[in-house]
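This report looks at the pockets of one protein and at the ligand that goes with them. Please keep the sequence and the structure in view while reading.

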Amino acid sequence: MINEPSPVALVTGASRGLGRGIATRLASLGISVAVNFVSNASAADETVAHCKRHQVNDRQRFIPIKADMGVREDRAALVERTLSEFGRIDAFISNAGIGPQVRADITQTSLASFEEVLRVNLEAPFFLAQLIANYWLKEKPAPLLPNGFTIIFNSSVSADTASINRSEYCISKAGLAMVSQLWAVRLADEGIRVYELRPGIMETDMTSGVKAKYDKMFAEGFVPQRRWGQPEDVGRAVGALVMGEFPYSTGEVIHIDGGFHLRRL
Ligand SMILES: NC(=O)c1ccc[n+]([C@@H]2O[C@H](COP(=O)([O-])OP(=O)(O)OC[C@H]3O[C@@H](n4cnc5c(N)ncnc54)[C@H](OP(=O)(O)O)[C@@H]3O)[C@@H](O)[C@H]2O)c1
């Protein structure tokens, strides 16, 4: 139908890395995307261009929206702008995240770094999910995607892998794992499914500074599938979840890590 609205996904931190992989995949599935970024407007424009190359119908729209996840007012403005531009939200993918500016041993972790990382990686996903869940519960929009609405929290293998040189990051991701469970339980009966993604070692700007170290670890078989994870690997998983391919699962943890999490002897 020509005038049928397009489903809409809000993806935070979609200007680069995994967020761009997610936005592009959703575009290829017929979904419109609100492309959130914080400072890199040209990268966000590039994501929009990628999405346009992959879109499958002319009802889809892709709009870059600047908002700092660490700022409460920005989060509210992001949701408001998404709703005013697109008229609806069908899927929320909480992807934006930061590592500590300095990788310091746990004996030296600063309060400033702890607060910054937890604000962006933990406070923001929790309260953004709250804003969007309340929109769904109050407005009761008719779902456009199979099996209803979806929230996906992009955490990390760091949720249960202790790295003593970025404790604040690990703590933020461990907390996010509980955020996912809490929302999964609260929203299960409302037609809203919630998932946690745990990517492993992914080739993005976030890991560019430690590339040589990880190249060596892959070569030595540290990860069973001996390769870097790519944004597309995450995008494909998000696509399946958003399209309702796991209808009888919620609160599930999806590892996208080449088998990193498997215990071996
Ligand atoms: N790379 C990995 O190995 C890996 C592994 C596991 C999990 N993860 C998680 O996956 C997510 C994406 O990581 P990535 O590797 O794609 O990171 P990245 O390449 O560093 O990209 C970060 C993205 O987040 C945005 N961003 C950063 N701070 C923000 C803020 N305060 N408000 C809004 N947006 C913000 C950036 O926007 P600008 O372009 O405007 O700066 C950018 O789009 C993160 O949550 C990360 O913890 C990454």
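## The lining of the largest pocket

Several helices and one strand take part in the lining of the largest pocket, since α1, β2, α4 (111-139), α5 and α6 (211-219) each supply at least two residues of that lining. The model shown here is a predicted one, and the descriptions that follow should be read with that in mind.

In total, 50 residues line the largest pocket, and those that lie nearest its centre are G97, I98, G99, Y169 and M206. When these lining residues are sorted by class, 20 are nonpolar, 22 are polar and 8 are charged. The space in the largest pocket comes to about 1200 Å³.

## The ligand and its shell

Where is the ligand found? The space that the ligand takes is the largest pocket, and the ligand is surrounded there by 32 residues, with S15, S39, N95, Y169 and T204 as the closest. Y169 therefore deserves a second look in the structure, being listed among the residues nearest the centre of the largest pocket and also among those closest to the ligand.

The shell around the ligand draws at least two residues from each of α1 (17-28), β2 (32-37) and α5 (167-187), and these three elements each supply at least two residues of the lining of the largest pocket as well. By class, the shell is made up of 14 nonpolar, 14 polar and 4 charged residues.

## Contacts with oxygen atoms of the ligand

Which residue brings a polar side-chain atom to 2.5 Å from an oxygen atom of the ligand? That residue is Y169, whereas L18 and M202 take part through their backbones: a polar backbone atom of L18 is 2.8 Å from an oxygen atom of the ligand, and a polar backbone atom of M202 is 2.9 Å from an oxygen atom of the ligand. Of the 910 Å² of accessible area that the ligand has on its own, the protein covers 94%.

## The second largest pocket

The second largest pocket holds about 160 Å³ of space. M202, already met through its backbone contact with the ligand, is one of the residues that line this second pocket, and the others include I201, F218, W228, D233 and G258. Sorted by class, the lining of the second largest pocket has 6 nonpolar, 3 polar and 3 charged residues.

Definitions and conventions
Residues are numbered from 1 along each chain as its sequence is written. This is a predicted model: local features need pLDDT of at least 70, side-chain atom pairs count only at pLDDT 80 or more; totals for chains, interfaces and linings use all residues. Side-chain values use heavy atoms; hydrogens and water are left out. A residue is near a molecule or strand if one of its heavy atoms lies within 4 Å of it. A polar contact is a pair of N or O atoms within 3.5 Å; within protein, one must be able to donate a hydrogen and the other to accept it, and residues adjacent in sequence count only if both atoms are side-chain atoms. Accessible areas come from the Shrake-Rupley method with a 1.4 Å probe; for residues, only the protein chains shown count as cover. On a 1 Å grid over the protein atoms alone, a cavity is a set of points where a 1.4 Å probe fits but cannot get out, and a pocket is an open set with protein on both sides within 12 Å along at least five of seven lines; lining residues have an atom within 4 Å of a point. A molecule sits in a cavity or pocket if more than half of its atoms lie within 2 Å of its grid points. Helices (H or I, at least four residues) and strands (E, at least two) are DSSP runs, numbered from the N terminus. Ala, Val, Leu, Ile, Met, Phe, Trp, Tyr, Cys and Pro count as nonpolar, Asp, Glu, Lys and Arg as charged, and the others, Gly among them, as polar. Grid points are joined across faces, edges and corners, and a volume is the space filled by probe spheres set on the points.
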